[in-house]
Amino acid sequence: KDILLYHQNEEMQQLLSQAGWDGSVNTDWKDDYLMVVNSNIAGQKTDKVMTQDIIKDTTIHENGAVTTTLTIRRTHTGTKGAEFTGVRNVNFMRVMVPEGSELLSATGFTYPDEHLFKVVDGTDTLPALAAIDATTKIHDATGTRITKEQGKTVFGNWTMTDPGQTSVVKITYQLPLHILPKKEGNSL
């Protein structure tokens, strides 16, 4: 999914969606799910020079609990000072996982300076934002925002990566499902 498509014609857009080329969230999928969404904020055109690797390590524990550790490496391959791409990549990363997943730990996030944000009062005029704000929780230990969107639990936080540098984020969460061991006479 390195290329996603959108078309203003509703028939064409439906075909793109059916082919899985529109980048939409699969709300029908109820088992394990992972979608990492990066939003470049004030990082000029640095997405062009960013590479990302994701390693997903899932463990099934003796009691049937399932935990996953994601390691997300974002490398800025740009040259400091280059026009458009030679600046820090400031990114709000959202990790979409199955609804009901519980964040256990998160490391590697870097919060931008507060003075870079403008506080806007207006969630009452934007019902979609008000709905998200009403259900948002903040993970005390990491400052990670936990929301529910499109039938998924979403962990959101900031990464900032300078030219020639790599940011490494590790997120560990428990899935809302349990896998029970196969018992004699049990067909599962």
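Here a trainee and a mentor discuss a predicted model of a protein.

Trainee: How many helices and strands does the secondary structure of the protein come to?
Mentor: Read along the sequence, the pattern is α-β-β-β-β-β-α-β-β-β-β. That comes to two helices and nine strands.

Trainee: What box do the C-alpha atoms of the protein fill, along the principal axes?
Mentor: The protein has 188 residues, and buried ones make up 32% of them. Its accessible surface comes to about 12,500 Å², with 52% belonging to carbon and sulfur atoms. Along the principal axes, the C-alpha box is roughly 65 × 45 × 35 Å.

Trainee: Among contacts with a separation of 6 or more, what percentage comes from residues 24 or more positions apart?
Mentor: Contact here means heavy atoms within 4.5 Å. Of the contacts with a separation of 6 or more, the share from residues 24 or more positions apart is 67%.

Trainee: How far apart are the mean positions of the positive and negative charges?
Mentor: The protein has 18 positive and 23 negative charges. Take the mean position of each set. The two means are separated by 4 Å.

Trainee: Which strands are the edges of the open sheet of four strands?
Mentor: The sheet has the order β2-β3-β9-β5, with antiparallel pairing. An edge strand pairs on one side only. The twist averages 15° from one strand to the next. The edges are β2 (50–60) and β5 (102–107).

Trainee: Which residue in β3 stands opposite Ile60?
Mentor: Strands of a sheet pair through backbone hydrogen bonds. β2 and β3 (residues 65–76) run antiparallel, joined by eleven bridges. In β3, the residue opposite Ile60 is Val66.

Trainee: Is Thr51 buried or exposed, or partly exposed?
Mentor: Thr51 lies in strand β2. Leaving aside neighbours within four places in sequence, Thr51 contacts Arg73, Arg74, Thr75 and Thr77. Buried means under 20% relative accessible area, and exposed means over 50%. Thr51 has 38% relative accessibility, so the class is partly exposed.

Trainee: What distance separates the C-alpha atoms of Thr51 and Thr166?
Mentor: Along the chain, Thr51 and Thr166 are 115 residues apart. In space, their C-alpha atoms are separated by 9.3 Å.

Trainee: Is Leu16 buried or exposed?
Mentor: Leu16 sits in helix α1 (residues 10–18). Not counting residues up to four places away in sequence, Leu16 touches Leu5, Tyr6, His7, Trp21 and Asp22. The cut-off for buried is under 20%. Leu16 has 10% relative accessibility, so Leu16 counts as buried.

Trainee: What separates the C-alpha atoms of Leu16 and Ser39?
Mentor: Leu16 and Ser39 are 23 residues apart along the chain. Their C-alpha atoms are separated by 23 Å.

Trainee: Which residue in the turn between β6 and β7 has a positive phi?
Mentor: β6 (residues 137–138) and β7 (residues 145–149) run antiparallel, joined by two bridges. Ile138 stands opposite Arg145 in β7. The two strands form a hairpin with six residues between them. The turn residue with a positive phi, about 75°, is Gly143.

Trainee: Which residue takes a positive phi in the hairpin of β7 and β8?
Mentor: β7 and β8 (residues 152–161) pair in the antiparallel sense over five bridges. In β8, Phe155 is the bridge partner of Ile146. This hairpin has two residues between the strands. The residue with a positive phi, near 50°, is Gln150.

Technical notes:
Residues are numbered from 1 along each chain as its sequence is written. This is a predicted model: local features need pLDDT of at least 70, side-chain atom pairs count only at pLDDT 80 or more; totals for chains, interfaces and linings use all residues. Side-chain values use heavy atoms; hydrogens and water are left out. Buried means under 20% relative accessible area, exposed over 50%, partly exposed in between (1.4 Å probe, protein chains only). Two strands pair if DSSP finds at least two bridges between them. Axes are lines fitted to C-alpha atoms, for helices over the stretch in contact, and angles run from 0 to 180 degrees between N-to-C directions. Accessible areas come from the Shrake-Rupley method with a 1.4 Å probe; for residues, only the protein chains shown count as cover. Lys and Arg count as positive and Asp and Glu as negative; His and the chain ends are not counted. The place of a charge is taken as NZ of Lys, CZ of Arg, CG of Asp or CD of Glu.
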